[in-house]
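Here's a quick tour of one protein model, written for someone who likes to poke at pockets and packing. Have a look at the structure first, then read on.

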Amino acid sequence: MCTVSFYKTQHQVIITSNRDESAFRPNSTVPKSELAFGKRLFFPKDPQAGGTWIVANEKGDAFVLLNGAEFNGAAKSYCGRSRGIVLLELASSNHINAAWHQIDLLDIAPFTIVVYAKNELIQLRWDGEKKEHQTLSSGTPMIWSSSTLYAPKIIKDRRSWFSQFIREKHQQLDANDLMNFHTNTFTADKENGLIIDRNGKMLTKSVTQWILNNGSFSLRHIDLVEQTTTILTEKLC
């Protein structure tokens, strides 16, 4: 839930998410279909809190979570529900904007949610006090990094890495290209590369990719701990 990229081609929309997590937190399940808030959703589950960091609904809309808002503020204790549960609640809603306006975020830690729905790219942010809704250009490749794990300079550097990667390709990227970026960029830098391992305590545990095609979507989940790959494909309703 700590590095997310967005890329749109003529025929596909691709969102890729690296989950940086405590090594001591239980490993997630593989993506599968589950009922949540009365709707059929598709996601890998965090068994500790019951939520997720990436989810798609039957319409093919994608929702991806990053911890922290734009900046990492002063340390504060939050005792509200899991941000991963909030993500499921939003993904189950019929009207995202209305749900975002109505949802109660009292005492929930700051977060950023990237949404792709109805051909729109949306960024939702909660800084612990106020909500923010921003519509972004879906024609522009983008990358986000969690402000709770990465300093502003590192976040800026990662944007540069992404821009350079796109320029060097000299062609339209595909899902494999994006997966390669997320798993093979600055791998020697275990603190701030795309795949981290901070003294065995905080590490990148998985990479999950949502791919929207004409009439279907898929979730490709690479478990870096178990060294397994799972692909879930569903037709759009």
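What follows covers the pockets, the nonpolar cores and a couple of odd backbone angles in this predicted model.

## The largest pocket

Let's start with the open space. The largest pocket comes in at about 770 Å³. It has 38 lining residues, and N67, R83, A109, P110 and T148 sit closest to its centre.

Which elements give two or more residues to that lining? They are β2 (13-22), β6 (62-67) and α1 (83-91), with β2 giving the most, at 4 residues. Chemically, the lining of the largest pocket is a mix: 15 residues are nonpolar, 12 polar and 11 charged.

## The second largest pocket

The second largest pocket holds about 390 Å³ of space. Of its 24 lining residues, A69, E70, R125, I155 and R159 are the closest to the centre.

Five elements put at least two residues each into this lining: β6, β8 (120-126), β9 (131-136), β10 (142-145) and α3 (152-169). So far as class goes, the lining of the second largest pocket counts 11 nonpolar, 8 polar and 5 charged residues. Note that β6 turns up here and also in the lining of the largest pocket.

## Nonpolar cores

The largest nonpolar core has 28 residues, and the members touching the most others are F6, I15, Y116, L121, W144, Y150 and W210. At least two residues apiece come from β1 (3-8), β2, β5 (54-57), β6, β7, α3, β12 (202-213) and β13 (216-223). The largest share, 3 residues, belongs to β6.

What does I15 touch, leaving out residues up to four places away in sequence? Its contacts are V4, S5, F6, A62, V64, Y116, T208, Q209 and W210. There's also a second, separate core of 24 residues, with W100, F111, A117 and I122 among them.

## Two unusual backbone angles

Most residues other than glycine have a negative phi. Two residues here go the other way: D107 has a positive phi of about 65 degrees, and K118 has one of about 50 degrees. Neither D107 nor K118 is a glycine.

Where are they? D107 is in the loop between α2 (96-102) and β7 (111-117), while K118 is in the loop between β7 and β8. Are they buried or exposed? D107 counts as partly exposed because its relative accessibility is 27%, whereas K118 is exposed, with a relative accessible area of 67%.

Definitions and conventions
Residues numbered from 1 in each chain as written. Predicted model: local features only at pLDDT ≥ 70, side-chain atom pairs only at ≥ 80, totals over all residues. Heavy atoms only, no water. 1 Å grid on protein atoms, 1.4 Å probe; cavity = no way out; pocket = protein on both sides within 12 Å on 5 of 7 lines; lining within 4 Å. Points joined across faces, edges and corners; volume = space filled by probe spheres on them. Nonpolar A, V, L, I, M, F, W, Y, C, P; charged D, E, K, R; others polar. Buried < 20%, exposed > 50% of the residue type's maximum accessible area, 1.4 Å probe, protein only. Core = buried A, V, L, I, M, F, W, Y, C linked by side-chain atoms within 4.5 Å. Contact = heavy atoms within 4.5 Å.
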